[in-house]
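Colleague: I would like to go through this model with you, starting with one helix and then turning to the core. Please give the reasoning before each result.

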Amino acid sequence: DPATAGPPRPPTDLDAYRRSIVDRETANVRSARPGTRHQALLSAALCLGNLVGGGELDERLAYQLLVDAGTAHIGQGRRCDCTPDKVGKTVQWGIDQGRLRPRTL
């Protein structure tokens with residue numbers, strides 16, 4: 001049942017090291033507390049953007065996983081002004097900036 005399947009997972013063709021990086025970053029975003037959510041999302045986008053820039057990770061995959069993790073906070077109380085638009089823009093900006101400092105594994 002897709003409704004109870006949990007957050008999306010990276011495809012199995014990612015090696016264990018890349019998968020652990022993606023899992024760690026998306027978990028950090030999902031578990032971020034009010035007041036730290038934007039920074040957690042931006043930090044994760046920068047990290048995955050480094051891998052995108054190095055050719056280690058597909059940009060569409062990185063974007064979708066981070067947006068999915070970030071949108072979990074939408075509507076989570078009055079201290080979160082998250083909107084789908086803000087989440088998407090933060091993720092894209094972070095990936096774009098991270099790409100400027102490519103990282104290879």
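**Helix α1 and the core**

Modeller: This is a predicted model. Helix α1 covers residues 16–31, 16 residues in total, and spans 22 Å from first to last C-alpha, close to the 22 Å expected at 1.5 Å a residue.

Colleague: Which residue caps the N-terminal end of α1?

Modeller: A side-chain oxygen lies 3.0 Å from the backbone nitrogen of Y17. The residue that supplies this oxygen, and so caps the N-terminal end of α1, is D15.

Colleague: Why are the buried residues of α1 on the same side?

Modeller: Buried here means under 20% relative accessible area. In α1 this applies to R18, I21, V22, E25, T26 and V29. They are on the same side of α1 because the arc they cover around the axis is only 115°.

Colleague: Which residues are exposed on the other side of α1, and what do the buried ones pack against?

Modeller: The buried residues of α1 pack against α2 (37–53) and α3 (59–71). On the other side of α1, the exposed residues are A16 and S31.

Colleague: Which helix supplies the largest share of the largest nonpolar core?

Modeller: This core has 21 residues, and L48, L57, L66 and V91 touch the most other members. At least two residues come from each of α1, α2, α3 and α4 (84–99). The largest share is seven residues, and the helix supplying it is α2.

Colleague: What is L66 in contact with, leaving aside its neighbours within four places in sequence?

Modeller: Contact requires heavy atoms within 4.5 Å. With those neighbours left aside, the partners of L66 are T26, V29, L41, A44, A45, L48 and V91.

How values were computed:
Residues numbered from 1 in each chain as written. Predicted model: local features only at pLDDT ≥ 70, side-chain atom pairs only at ≥ 80, totals over all residues. Heavy atoms only, no water. Helix = DSSP H or I, 4+ residues; strand = E, 2+ residues; numbered from the N terminus. Expected span 1.5 Å × (residues − 1). Buried < 20%, exposed > 50% of the residue type's maximum accessible area, 1.4 Å probe, protein only. Arc of directions from axis to C-beta. Polar contact = N/O pair within 3.5 Å; in protein donor to acceptor, adjacent residues only side chain to side chain. Core = buried A, V, L, I, M, F, W, Y, C linked by side-chain atoms within 4.5 Å.
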